[in-house]
Amino acid sequence: MKKLIFCTVLSLIISSTYAQEIRIKGSEKEIQAIGMERASFSKFAKFLQTYIQKISQKNLEISNTLEAHAINLRLANKEEEVQLDHCEPEAFIIKVTPDKVEIIGKTEKGVEFGVYTFLEDYVGVNWLFPGELGEYLPPDHSIIIKRKNIFQNPKYISRQLSPIDLSKVNDLSDWGNRMKLISKISFHHNMNFFLKDEDIKSLNSDFFSRYNGSKYIPKSTSDHKWQPNFSSTGFFYFSVKKIRDYFNRTHSPTISLGINDNYLADDKYQLRNILGFRNYSEDYYQWVVNLVRVLNKDFPNKKYGLLAYYNVSTPPDKVYLNEQIIPFLTFDRVRWANVQLRKFDQNTSLNWAKKATNLGWYDYGYGYSYLLPRVYTNTLKKYLQWGSEHRVKYFYAEIYPNWGEGPKYWLLAKLLWNPDLDIDKLKKEWYSMCVGQQAAPFLDQYFSIWENYWEKTIVNSPWFSQKTTFLSFNNLAYMEDVNEEMMRQSDFYLNRVLAFARTDAQKKRAQLFVDMWELYKIGIQEYKTNRYKTMTDLKRSKLFVEKVNQLKQNKLLSNTMAYIEKSMNN
């Protein structure tokens with residue numbers, strides 16, 4: 001049965017006529033409290049209380065019961081449970097009646113996400129990027145709540161962006177939670193799981209693969225330069241025991257069966273896959289399917305993620321992966337801007353859809369690694385919409401964000417929840433919230449220069465059109481087609497952004513993009529001298545290194561600068 005579809009998300013109507021009040025449109029009575037069905041909702045109630053007070057200066061009382069003339073937080077009743085039955089746990093409903101607002105979650109997570117959406121879509125709050133500077137509050141002090149109900153359920157059921165750890169308390173994690181990100185499955189490189197708590201030297205050598213005529217026995221649990229012998233009967237039963245012990249010990253709903261991060265293959269595998277790697281998909285996926293079948297006798301509802309990566313990137317011929325097994329297909333999808341590479345990735349996904357019930361996509365949305373604004377929002381919208389229509393339900397991306405790329409990551413999070421949203425409308429809203437209505441068109445023009453570069457100018461270049469898992473970001477050849485006119489226009493539009501930004505927050509955000517552009521510009525100019533071809537080469541550029549050191553002082557850019565330094569020193 002299909003998931004229930006999204007309802008239209010409404011907008012808040014704010015009127016400066018009503019100073020410092022909170023009421024539902026058409027009602028004479030003001031909202032007086034925040035009611036909670038459960039004490040465990042107190043964190044969400046306090047969060048809501050804080051933002052309403054920031055805007056209206058009115059402190060709503062928090063009540064441990066559901067109230068009239070209140071914003072009430074509760075779980076779905078029996079009738080609503082029917083509506084939410086086939087939804088994800090984080091689905092929610094917001095109901096607005098003449099005397100109250102109800103934020104109703106399928107689960108506690110649904111209540112939490114409903115609170116964030118209420119603040120965004122009814123109150124006008126937003127979180128453009130992490131930290132205080134990224135917080136947008138509407139300028140008026142009145143909150144007039146439009147009387148319209150909404151229901152939301154995500155299209156992508158797992159939405160994970162690295163390095164955001166949603167369990168931690170920091171600006172980046174807080175932002176990820178407010179963007180309704182969630183991780184529901186383990187799938188990363190995990191073969192070293194089978195070495196934990198083991199005397200490796202005493203393990204049967206048949207467990208390990210043979211390279212160049214010799215068995216390679218890993219030296220420790222931190223040695224990832226090996227792969228198991230997936231055709232080994234002994235390793236199969238050893239794997240069953242290790243995973244069974246893990247589930248009994250942790251009660252985790254998921255475990256990763258992902259291969260180690262290398263493209264080594266046992267000597268017996270000589271045929272190559274479409275990416276040119278020696279192919280052992282048949283033995284590997286047979287091992288996976290057999291494992292799940294045996295483990296299902298004791299653990300029938302577990303999820304098993306894995307990476308369809310390097311030597312196992314092609315689907316098997318002889319086995320089918322049921323709904324418990326999620327292969328993550330790895331590809332740098334900025335290359336959907338190239339027609340041939342888009343078709344290649346689509347065909348890969350379609351072929352996998354014949355062999356697996358559900359698919360995951362693993363993307364490379366960097367971020368830190370590039371010395372140009374790597375923005376491609378039209379392409380992003382295109383592939384997320386296509387994926388949601390072709391069995392792709394799980395999404396992971398290495399983003400390692402560079403906040404000098406503007407709305408890129410905010411848009412990604414929004415589209416993961418609903419890829420049918422209007423991308424142009426979202427961008428305009430973000431630019432306006434970020435630097436104000438007068439400066440917003442100029443910021444739009446600046447990012448459009450680089451969007452055109454990544455989606456049109458560079459797409460047929462030798463650097464861009466490689467049929468690899470991810471692009472060679474250490475190689476600065478992606479700057480080859482940057483010209484003086486693009487740099488002149490970037491200077492012009494960013495100067496206009498600075499000139500037309502009005503509030504202190506708008507000016508600080510504008511300065512963030514200017515500062516990052518100054519570093520980009522130095523990188524481009526140094527590359528054009530033909531003396532610097534890689535990130536490593538740039539450590540010899542005094543001008544570039546000085547700028548990196550200067551930008552380390554910017555809290556939002558400090559992690560980006562740390563990674564750039566690391567790249568230069570590799």
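## What covers helix α5

Let's start with the surroundings of one helix in this predicted model. The buried residues of α5 are covered by elements that include β14 (254-256), α6 (281-295) and β15 (303-308). Which residues of α5 are buried? They are Phe235, Phe236, Phe238, Ser239, Val240, Lys242, Ile243, Tyr246 and Phe247. As a reminder, an α-helix has 3.6 residues a turn, so residues three or four places apart point the same way.

## The length and ends of α5

Helix α5 takes in residues 233-250, 18 residues in total. At 1.5 Å a residue, these should span 26 Å, and the end C-alpha atoms are indeed 26 Å apart, so the expected and modelled spans agree.

Both ends are worth a look on your screen. At the N-terminal end, Ser232 acts as the cap of α5, with a side-chain oxygen 3.4 Å from the backbone nitrogen of Gly234. After α5 comes His251, which has a positive phi, near 60 degrees.

## The six-stranded sheet

Elsewhere in the chain, six strands make an open sheet with mixed pairing, ordered β3-β2-β4-β6-β5-β10. Its edge strands, β3 (61-63) and β10 (150-152), each pair on one side only. From one strand to the next, the twist averages 15 degrees.

Strands of a sheet pair through backbone hydrogen bonds, either parallel or antiparallel. Here, β2 (residues 33-36) and β4 (residues 70-75) are joined in the parallel sense over four bridges. Opposite Gly35 you will find Asn72 in β4.

## A helix across the sheet

Helix α3 (residues 108-123) lies across β4, β5 (92-97), β6 (100-105) and β10. Relative to β5, α3 runs at about 50 degrees.

Key
Residues numbered from 1 in each chain as written. Predicted model: local features only at pLDDT ≥ 70, side-chain atom pairs only at ≥ 80, totals over all residues. Heavy atoms only, no water. Pairing = 2+ DSSP bridges. Helix = DSSP H or I, 4+ residues; strand = E, 2+ residues; numbered from the N terminus. Axes fitted to C-alpha atoms, helices over the stretch in contact; angles between N-to-C directions. Contact = heavy atoms within 4.5 Å. Expected span 1.5 Å × (residues − 1). Buried < 20%, exposed > 50% of the residue type's maximum accessible area, 1.4 Å probe, protein only. Polar contact = N/O pair within 3.5 Å; in protein donor to acceptor, adjacent residues only side chain to side chain.
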